[in-house]
Amino acid sequence: MKNWFARKRERRTPPVRVEPVAPQKQTPRMNIRAFRRDAVSAPPDMASVLSPYTPPKGIVGDSSGGMAQDGALCGSTSDLAEFAGGYPQIAANYFADGLAFLGYPQLAQMAQRAEFRKPCQVISKECVREWIKFRSDKQGNDPAENDSAAEKIKQVEAEFIRLNVRRVVQKHIYHGLTYGLGHIWIGIKGASPTSEAQSIPLVIGPNGMKKGSLERLKNIEPIWTTPNRYSSDNVLAEDFYQATSWWALGVEIHSSRLLTTVPFPVSQILAPAFNFGGQSLTQLLQAYVHNYLGTRNSTANIVRNFSKIVLKTDMTGNMQADMPGQPMPYGDVDMQSVQGRAAFMQDTADGQSAIVVDKEREDAAIIATPLSGLDSLQAQSMEAQASIPGIPLVKLFGIQPTGLNASSDGEIRVFYDEISSYQEENVRPVVQTIFEAVQIHLWGEIDPDLSFEFVPLWQMDEKQIAEIEKIKADQDAVLVQAGIVSPEEARERQAADPQSNYRNVDLTGPPPDPPDPEVDGEGLEGLLKRGEEEE
């Protein structure tokens, strides 16, 4: 009868245990998928790498002459694919390493980041910071020739200001570094902005450009341009892989009307793929910037989660078998209760100095991640970005050198030497053409005695200049006393020296009598004594 009053239990198949997975909060984070090597889409073969650049719709206008076909390189597109078909791994690595032309839209987007934009701005600004200085070889002892040369230089400087040459050249350098190609268009009065007028070659000389015809200068971003005519089948031709004309939003412009600069040229076989430009500094920095961004994000995640609280609690709860010999039913675990307990402990511990746990059945522990060495890793990845443009850390990031007697003077001197060589290689040809065009515009001829030079970026302070002038004065005194030069010649040297304190003083007259050592005394004391007596 005892079984009459017993509660019948339903037999059920024990469920398979599934480990609980707590829902994780989706915190916003930057997508760095584009920074990974395997995220870069690779072309199927090298034919995609060597194919010419395709400009956007509307760049190329209607013309009877078309772009030279680079099929002569390997016969045809199919031949090119067959020629490069054996190098699929080369093509994949070429794109994965960021060596292929990325396209102007992507380069423009990359320039939105400070890590890509700052090096280009630093170099472009440093190239024009001290700018140029005009000079004439006729300047000498003839006052008339000096006045004429000074007047010409004054007119050229005023014309450079009118044309805003300094700003145009600075932007031109920035375009070349950011996109790998920079253009400056020379605007001539009376030449309409059509293909009929702009496709005519511009001759900067007495027999070409007219006096008073230079109207303006304009920067053109390379995304709006693409080459129109060039030769690719005769290596001896003057225009072999040299564009003789360009398309600019449907307008054909002769290359003589465009001042083009390519700071980092590529091989001729890759020139069509790069729109006849070159590697940009932003693209050269890509691997180093992405490495820095990945290191920065990883460091931030480690610092944000360097400390974790571990709650040791009874997750099984009341999971006990009612009858001996029967399996334990894990379905009795209340996951909401476990998650609620963890959330309660996190809320009470967050921002507080105490952690609330059950003293009988729970325990808490804190696991901390060591942070030593993270600053060095992040600093190394950041400093690696400065190695490609060669910019000192103090100029690029504002980081001062540390340590005893630490100084950045040596690095800055080397950087200024790099800027000077960059000016001579890429900036001088552009400024020289503008300089000659300005002379034709002003006088109808080019003065061979006029020239310009870049002002050195490294400037001495007043103390250093005074020490050098003291050495020069001592040298003149020794030479005059030895009878090697006369006082008049020493005065002429002082007047002709551009660094002298007397460069603007007329020293053509006879020199003053030196003080008598027996009467006035020697050196400066004699001069002061004579001055007091004369007063």
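A salt bridge is taken here as a side-chain nitrogen of Lys or Arg within 4 Å of a carboxyl oxygen of Asp or Glu. The legends below apply this criterion to a predicted model.

**Figure 1. Salt bridge between E469 and K472 in helix 15 of the predicted model**. The closest N and O atoms of E469 and K472 are 3.8 Å apart, which satisfies the 4 Å limit for a salt bridge. Both residues belong to helix 15, which covers residues 462-481. E469 and K472 are three residues apart in this helix, or about one turn. E469 has a relative accessible area of 11%; E469 is therefore classed as buried, because the class takes in values under 20%.

**Figure 2. Network of salt bridges joining E126, R129, E130 and K395**. These four residues form one network through salt bridges that share partners. The view includes the pair E126 and R129, whose side chains meet in a salt bridge with an N to O distance of 3.0 Å. E126 and R129 lie three residues apart in helix 5, so about one helical turn separates them. The two partners fall into separate accessibility classes: E126 is buried at 9% relative accessibility, whereas R129 is partly exposed at 33%.

**Figure 3. Salt bridge between R296 and E115, linking helix 10 and helix 5**. The side chains of R296 and E115 meet with an N to O distance of 4.0 Å. R296 is located in helix 10 (residues 286-304) and E115 in helix 5 (residues 114-129), so this salt bridge ties together parts of the chain that are 181 residues apart in sequence. R296 is partly exposed, with a relative accessible area of 27%. E115, at 17% relative accessibility, counts as buried, because this value is under the 20% cut-off.

**Figure 4. The whole chain as context for the close-up views.** The chain contains 17 helices and ten strands. Of its 535 residues, 33% count as buried. About 33500 Å² of the chain is exposed, and carbon and sulfur atoms supply 52% of this area. Among contacts in the chain with a separation of 6 or more, 73% involve residues 24 or more positions apart. A search of the whole structure finds 13 salt bridges; those shown in the preceding views include R296 with E115, E126 with R129 and E469 with K472.

Conventions. Residues numbered from 1 in each chain as written. Predicted model: local features only at pLDDT ≥ 70, side-chain atom pairs only at ≥ 80, totals over all residues. Heavy atoms only, no water. Helix = DSSP H or I, 4+ residues; strand = E, 2+ residues; numbered from the N terminus. Buried < 20%, exposed > 50% of the residue type's maximum accessible area, 1.4 Å probe, protein only. Contact = heavy atoms within 4.5 Å. Areas by Shrake-Rupley, 256 points an atom, 1.4 Å probe, with all protein chains shown as cover.
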